[in-house]
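I am opening a notebook page on a structure that is new to me. I want to look up how its aromatic rings pair, and then how two of its helices meet.

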Amino acid sequence: MAAVALNPCPDWEVLDACAAPGNKTVQLAGLMKGRGKVFACELNDQRLKRLEETVKLAGASNVEIHHMDFLKLRPNALKYSKVRGILLDPSCSGSGTTFQRLDHLLPSYSGDQGKDGAEIDRINNLASFQKRALLHALSFPAVERVVYSTCSIHQRENEDVIESILPHANALDFYLATPFPEWPHRGLPVFEGAQHLLRTEAAGDMEGFFIALFVRRHDQIKHLDKSVISESHARVASGNETQVDLSLPKLIRKKKDPQLDLKLELNPRLTRRKIFLKAMRTHKRSILSRLIRTGFGFPKVFRLLHIINSRKLKTVKRHMQRGNLLKSKSG
């Protein structure tokens with residue numbers, strides 16, 4: 001159900017964060033009809049072999065396996081700049097199933113599981129890991145849909161994890177969507193919006209599991225132009241240009257100023273100019289991302305890369321003025 005809840009389009013690039021044993025990975029590959037790309041991450045050597053066997057047996061040709069820790073993936077890396085869906089099924093207590101999840105491989109695992117206190121500590125440690133993994137998944141710049149699922153029935157690993165990261169998710173323009181609206185069992189009513197979560201109870205032949213679906217508001221999504229990315233790759237490969245991070249930053253939040261708002265209405269280019277000049281006074285890497293975010297044409301932006309990287313800010317400003325991108329000579 002977790003892979004179906006993610007509902008990836010065939011041409012997407014998606015990431016299975018904790019992929020082994022690979023059942024959800026090959027299901028994603030099938031839902032995408034063998035197109036696009038599925039990045040499958042797995043850290044443990046033994047589980048990696050099981051993942052490779054599952055992918056080979058399924059004949060999933062659009063799966064790329066990465067033997068590494070998901071938390072160490074760099075969301076800003078160019079390789080993951082087009083990842084639009086992430087399925088996160090992290091290690092959990094497995095309280096909803098008898099399947100062995102190999103949680104003892106986690107650094108946070110406590111070997112003393114015979115006491116009730118030790119079990120509580122274990123669940124708390126798992127919940128801490130799950131929060132970090134979910135926050136990391138939400139930080140990928142182009143991601144549109146993130147599914148968080150567990151085979152646990154504990155509130156600590158499910159509703160509490162979602163509630164704790166919800167303010168951060170909202171700040172990144174994500175909201176909780178409702179997977180399988182007809183499903184009768186929803187999340188425990190411990191916070192507003194828990195009705196969007198999905199639960200099954202461990203009873204009879206049914207195993208207990210949990211699903212949460214985060215969706216980013218479409219009016220905030222801006223994807224990179226494929227031709228520009230290809231051009232950038234070609235320049236990097238030829239050695240004529242250093243590799244540039246094309247990840248999109250957070251939207252710039254402007255302070256409320258009635259006079260400034262009136263000026264912006266009278267002069268739409270004022271926003272771009274102010275953002276550009278502000279970016280020039282900060283880190284050089286911010287200049288490119290903010291220009292892209294505010295709608296400057298890609299060809300003009302890439303022509304400025306060499307000048308920006310050499311920190312010749314006055315030359316950059318003069319070049320922008322000649323291109324009629326800045327109306328004012330002040331600042």
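**Aromatic rings**

I looked for aromatic pairs in this predicted model, and the structure holds four of them. I turned to Phe 70 and Phe 140, which form a stacked pair with 6.1 Å centre to centre and 5° between the planes. I then checked where the two rings sit: Phe 70 lies in the loop between β3 (63-67) and β4 (83-88) and Phe 140 in the loop between α4 and β5 (145-150), so the pair ties together parts that are 70 residues apart in sequence.

Are these two rings buried or exposed? I noted that Phe 70 counts as buried because its relative accessibility is 4%, under the 20% limit, and that Phe 140 is buried at 0%.

Next I followed Phe 140 to Tyr 80, and found an edge-to-face pair with 6.4 Å centre to centre and 80° between the planes. Tyr 80 is in the loop between β3 and β4, 60 residues apart from Phe 140, and Tyr 80 is buried too, with a relative accessible area of 6%. I recorded that ring pairs link Phe 39, Phe 70, Tyr 80 and Phe 140 into a cluster.

**Two helices**

I then looked at helix α4 (residues 116-138) and helix α5 (residues 159-171), whose axes come within 10 Å and cross at roughly 30°. That angle is under 35 degrees, so I count α4 and α5 as roughly parallel to each other. Their crossing is right-handed, and the residues in contact include Leu 134 and Leu 138 of α4 and Ile 162 and Ile 165 of α5. By class, I listed eight nonpolar, three polar and one charged residues in this contact.

Technical notes
Residues are numbered from 1 along each chain as its sequence is written. This is a predicted model: local features need pLDDT of at least 70, side-chain atom pairs count only at pLDDT 80 or more; totals for chains, interfaces and linings use all residues. Side-chain values use heavy atoms; hydrogens and water are left out. Axes are lines fitted to C-alpha atoms, for helices over the stretch in contact, and angles run from 0 to 180 degrees between N-to-C directions. Helices (H or I, at least four residues) and strands (E, at least two) are DSSP runs, numbered from the N terminus. Angles under 35 degrees count as roughly parallel, over 145 as roughly antiparallel, 65 to 115 as roughly perpendicular and the rest as oblique. A crossing is left-handed if the near helix is turned anticlockwise from the far one by less than a right angle, and right-handed if clockwise. Contact means heavy atoms within 4.5 Å. Ala, Val, Leu, Ile, Met, Phe, Trp, Tyr, Cys and Pro count as nonpolar, Asp, Glu, Lys and Arg as charged, and the others, Gly among them, as polar. Rings of Phe, Tyr and Trp (its six-membered ring) pair if their centres lie within 6.5 Å; planes under 30 degrees apart count as stacked, over 60 as edge-to-face and the rest as tilted. Buried means under 20% relative accessible area, exposed over 50%, partly exposed in between (1.4 Å probe, protein chains only).
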